[in-house]
Amino acid sequence: MTHALIVIDVQNDFCPGGALAVADGDQIVPGINALMGAFDAVILTQDWHPAGHSSFASSHPRAEAFSMVEMPYGPQVLWPDHCVQGSTGAAFHPGLNTDRADLIIRKGFRPAIDSYSAFFENDHQTPTGLEGYLRTRGVSDLTMVGLATDFCVQYSALDAARLGFTVTVREGLCRAIDLDGSLAAAREAMRSQGIGLME
Ligand code: VGL
Ligand code: ZN
């Protein structure tokens, strides 16, 4: 059994003071660092949007942040500008141990489509390449931690389970945005797909 730790989007913009701050997002950093040594592989994801990305409310006239729009690929939340390529907000939290990472996978870099999942963009079809990387390394089991539980962690975990990986989400090492009950919905969706939810 080969077990990888997938650390989702532990970036400045998702931590207190950032553009799309998740409450207590920074609190998970020491626990994630401490966990890294127990895995055969450590992979970090990095939300990485060009300026003017279509998921930014600022790219849509009169749209408010956290409202919904219909995109060609389905419904999409509009976010404050965040994780712009090369910005301080897009950098990893300075406390995160990035030296231990075997792979850093960036996502959300195509202007017209968002990518919550580490595996597929929000059309659920365009691959990021992570599946091939994991399979060619013989990885069967994934543990996921990071930000945010109800968006990028959930989408990554659901795609991984659908692809046949055995998936555990360590909820104590995740934090949620929780828009309109999205955390409860995410927990239910993950549980129903056989994803292990652990503290
Ligand atoms: C995320 C919203 C927009 C996340 C990324 O990492 O959960 N959420 N971009
Ligand atoms: Zn994003």
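**Contacts, core and a zinc site**

Leaving out neighbours within four places in sequence, Met1 is in contact with Asp40, Ser140 and Asp141. This comes from a predicted model, and Met1 is a handy place to start reading it. The residue sits in the segment before β1. Is Met1 buried or exposed? With a relative accessibility of 72%, it counts as exposed, because the cut-off for that label is over 50%. The chain also brings Met1 together with a stretch that comes much later in the sequence: 138 residues separate Met1 from Val139 along the chain, yet their C-alpha atoms are 7.2 Å apart.

Stepping back to the chain as a whole, there are four helices and eight strands. Read from the N terminus, the elements follow the order β-α-β-β-β-β-α-β-α-β-α-β. The C-alpha trace spans about 50 × 30 × 30 Å along its principal axes. For 199 residues, a compact globule would be expected to have a radius of gyration near 16 Å, and the chain agrees, with 16 Å. Of those 199 residues, 49% are buried. Contacts between residues 24 or more positions apart make up 73% of the contacts with a separation of 6 or more. As for the surface, the chain exposes about 8,500 Å², and 51% of that is supplied by carbon and sulfur atoms.

Val22 offers a look at a loop residue, placed between β1 (3-8) and α1 (29-35). Being in a loop does not put Val22 on the outside here: its relative accessibility is 1%, so it counts as buried. What does Val22 touch, not counting residues up to four places away in sequence? Its partners are Phe14, Cys15, Pro16, Leu147, Ala148, Arg175, Ala176 and Ile177. Ser59 is another matter, as 22 Å separates its C-alpha atom from that of Val22, with the two positions 37 residues apart along the chain.

Next comes helix α3, which covers residues 149-162 and includes Gln154. Thr149 belongs to helix α3 too. Thr149 has a relative accessible area of 5%, so it is buried. Its side chain reaches the backbone nitrogen of Ala176 at 3.4 Å. Beyond four places in sequence, Thr149 touches Gln154, Cys174, Arg175, Ala176, Leu183, Ala186 and Met190. Gln154 is buried as well, because its relative accessible area is 10% and the label applies under 20%. A polar atom of the Gln154 side chain lies 3.0 Å from the backbone oxygen of Asp150. With the same neighbours in sequence set aside, up to four places away, Gln154 touches Ala148, Thr149, Ala185, Ala186, Ala189 and Met190.

Finally, there is the zinc ion (ligand 2). Which residues of the protein hand it their donor atoms? They are Asp47 (OD), His49 (NE2) and His82 (NE2), at 2.0 to 2.2 Å from the ion. Along the chain, the donors follow the spacing D-x1-H-x32-H. Asp47 and His49 are both buried. Why is the arrangement around the zinc ion (ligand 2) irregular? The four donor atoms subtend angles of 88 to 169 degrees. A tetrahedral label would need all angles to lie between 85 and 135 degrees, so the upper end of that range rules it out.

Notes: Residues are numbered from 1 along each chain as its sequence is written. Chains are lettered from A and ligands numbered from 1 in the order in which they are written. This is a predicted model: local features need pLDDT of at least 70, side-chain atom pairs count only at pLDDT 80 or more; totals for chains, interfaces and linings use all residues. Side-chain values use heavy atoms; hydrogens and water are left out. Donors are N, O and S atoms within 2.8 Å of the metal (3.2 Å for Na, K and Ca); water is not among the atoms, so sites may look incomplete. Four donors count as tetrahedral if all angles lie between 85 and 135 degrees; four count as square planar and six as octahedral if opposite donors are over 155 degrees apart and all others between 65 and 115; anything else is irregular. Buried means under 20% relative accessible area, exposed over 50%, partly exposed in between (1.4 Å probe, protein chains only). Helices (H or I, at least four residues) and strands (E, at least two) are DSSP runs, numbered from the N terminus. A polar contact is a pair of N or O atoms within 3.5 Å; within protein, one must be able to donate a hydrogen and the other to accept it, and residues adjacent in sequence count only if both atoms are side-chain atoms. Contact means heavy atoms within 4.5 Å. The radius of gyration is taken over C-alpha atoms; the globule rule is 2.2 Å times the number of residues to the power 0.38. Accessible areas come from the Shrake-Rupley method with a 1.4 Å probe; for residues, only the protein chains shown count as cover.
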